[in-house]
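Reader: I should like to go through this structure and ask, term by term, on what grounds each description rests. Please begin once the structure is shown.

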Amino acid sequence: MKKLLLFFGLVGLLFMVSCNKDYLDTQNKEYVSAEQLDELAASSPEALLAVSDGILGGSYAYMREFNTWTGGRHDDFGQKSIDLGLDLMSNDVVQVKDHWFGNYYAYRGRTEPFSTTHIVWNFYYSLVKNMNDIISFIPDDVERQDLKYVKARAMSVRGLAYYNLVRVYQHTYAENQSSAGVPLYDGSSFDGQPRSSVQLVYDQILADLNESFIGLEGYTRGGITDIDQSVVAGLLARVYLEIEDYGNAASMANTAKSGYPLMSNDEWMSGFSNINNGEWLWGADIDAETSTIYASFFSHMGNLDPGYAGLLAVYKSIDMRLYNAISDSDIRKSAFAGDDDVDGLPKYANKKFKDLVSFFQGDYLYMRSAEMYLIEAEALANSGDEAGAKALLVELIGPRDPNYNTSSNTGQALLNEIYVQRRIELWGEGFAWFDQKRLGVDLVREYEGSNHTTLGNFNYAYNANEMIYQIPEDEINANDQINAEDQNPL
């Protein structure tokens, strides 16, 4: 596993370290040892920058790549495959056939023998390993500003990886601070570690993200495929909302969305596939070279695209109850097929995600300002500033629905309105299952008239064993600090 993890950092390194090409040409390019990387990084400040920036760039690429090392599974293509899979574990997203991603929707994939739990675990720990290499290479007292920025960005990626890991492999923070979380690795060594408590994992997440936020002061990125201070503010806003630190959640969300105006109605209906959308804070630019064709987000999610969803009718649809909760005057309702759909899709099939420009070259969305509006509104409402929360909702939803009005909502009714609007606005973007866990909402798919298929038509309490993943069996076998008794229950 260690060779595998180092390989992902090497992907960027082989392309970035041009000043040391002769050195790399003498090595086995399928594997460069940690000692050789250390030697190269120590040779000069320029080499240190090239090594570290190369690993970081390789990890950005890894976040949107088809990972053949898992056996060529078409449900394993980085961050967006995990976003899609976990959304399919919620109330709000329906998969109509047992096909790729069926393991998520049917709740099979959370158990230790299944590939799905391996995909999630290996993806995020690969990022942790690569970020630890960068953090270890660059001394704490480094004076070069460009190296400080690389280290700060690496810390943000590590914080994001731990944040998603702890939410997948344990229940929500609010009720489980002392429960077993996930192993923490904060150095270049990746020898086995025990499961740290949820509280300790969140302490590490916040330490990484706050240090990254401070360290990126003054940094100007070349494009939104890179992380800057606005993105880290958005990550902090997510974490603070999770731990119910509403003051910091509101403040960071407000900081993150500054300079990223909400998209127009035409842009909202244009497929969520263009990285040049001014509302996007962070994403991946997919082109002919980086496209993963059928093993890609739009292949599986774009019901109008020529992939698994569009050609094989493995449709991804909205839950009937949520569809009915969207006002008929809201343009967002037309992002889902109604009766006698003009495109020939069955009712409730999503048309929100579509790549209409090119063949599987739709860009990947990781963060946008609408999410920050919703975080800030929820945090303000929980802090007693209902007027501020309502103003944000009107600013966000008013352009989508000319009849929208929140003036009568107060207290829990206002919070419920925010939750519903969050589900509508962010549908299919990777938040639904995590939000259910965070808010204590049970999985309820068996109800009168349900459009959930037999594959996933069942109910679980929000804190049931089924709502957390088991640790992969390969990890239990390889890590002498985690034994069978440390495993999450079946």
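Author: A salt bridge is a side-chain nitrogen of Lys or Arg within 4 Å of a carboxyl oxygen of Asp or Glu. The model is a predicted one, in which local features need pLDDT of at least 70 and side-chain atom pairs count only at pLDDT 80 or more, whereas totals for chains, interfaces and linings use all residues. Residues are numbered from 1 along each chain as its sequence is written, and side-chain values use heavy atoms, with hydrogens and water left out.

Reader: What makes K80 and D83 a salt bridge?

Author: The closest N and O atoms of K80 and D83 are 3.1 Å apart, and the cut-off is 4 Å. The pair therefore meets the definition. Both residues lie in helix α5, three residues apart, about one turn of the helix; a helix here is a DSSP run of H or I with at least four residues, a strand a run of E with at least two, and both are numbered from the N terminus.

Reader: Why are K80 and D83 called buried?

Author: Buried means under 20% relative accessible area, exposed over 50%, and partly exposed in between, with a 1.4 Å probe and protein chains only. K80 has a relative accessible area of 4% and D83 one of 11%, so both are buried.

Reader: What does the salt bridge of R153 with D226 tie together?

Author: The closest N and O atoms of R153 and D226 are 2.9 Å apart. R153 lies in helix α8 and D226 in the loop between α9 and α10, so the pair ties together parts that are 73 residues apart in sequence. R153, at 7% relative accessible area, is buried, and so is D226, at 9%.

Reader: How do you know that D228 and R221 are paired, and which residues form a network of salt bridges?

Author: The side chains of D228 and R221 meet at 3.1 Å, N to O. D228 counts as buried at 10% relative accessibility, and R221 is buried at 12%. Separately, E279, D330, R332, K352, R368, E425 and E429 are joined into one network by salt bridges that share partners. The whole structure holds 28 salt bridges.

Reader: Why is H300 called buried, and what is it in contact with?

Author: H300 has a relative accessible area of 1%, so it is buried. This residue is found in helix α13. Contact means heavy atoms within 4.5 Å; leaving aside neighbours within four places in sequence, the contacts of H300 include H74, F77, L84, W100 and Y308.

Reader: Where does D75 lie, and how far is its C-alpha atom from that of H300?

Author: D75 lies in the loop between α4 and α5. Its C-alpha atom and that of H300 are separated by 8.5 Å, although the two residues are 225 residues apart along the chain. D75 is buried, with a relative accessible area of 1%, and touches S81, W100, F101 and I119, not counting residues up to four places away in sequence.

Reader: What makes β4 and β6 a pair of strands?

Author: Two strands pair if DSSP finds at least two bridges between them. Strands β4 and β6 have four bridges, in the antiparallel sense, so they qualify. M367 in β6 is the bridge partner of W282. Strand β6 is mostly covered, with five of its five residues buried.

Reader: What is called a cavity, and what a pocket?

Author: On a 1 Å grid over the protein atoms alone, a cavity is a set of points where a 1.4 Å probe fits but cannot get out; a pocket is an open set with protein on both sides within 12 Å along at least five of seven lines, and lining residues have an atom within 4 Å of a point. Grid points are joined across faces, edges and corners, and a volume is the space filled by probe spheres set on the points. There are five cavities of 30 Å³ or more, and the largest has a volume of about 300 Å³. Its lining has 23 residues, with R167, R238, E371, G430 and F431 nearest its centre.

Reader: How does the lining of the largest cavity divide?

Author: Its residues are nine nonpolar, three polar and 11 charged. Ala, Val, Leu, Ile, Met, Phe, Trp, Tyr, Cys and Pro count as nonpolar, Asp, Glu, Lys and Arg as charged, and the others, Gly among them, as polar.
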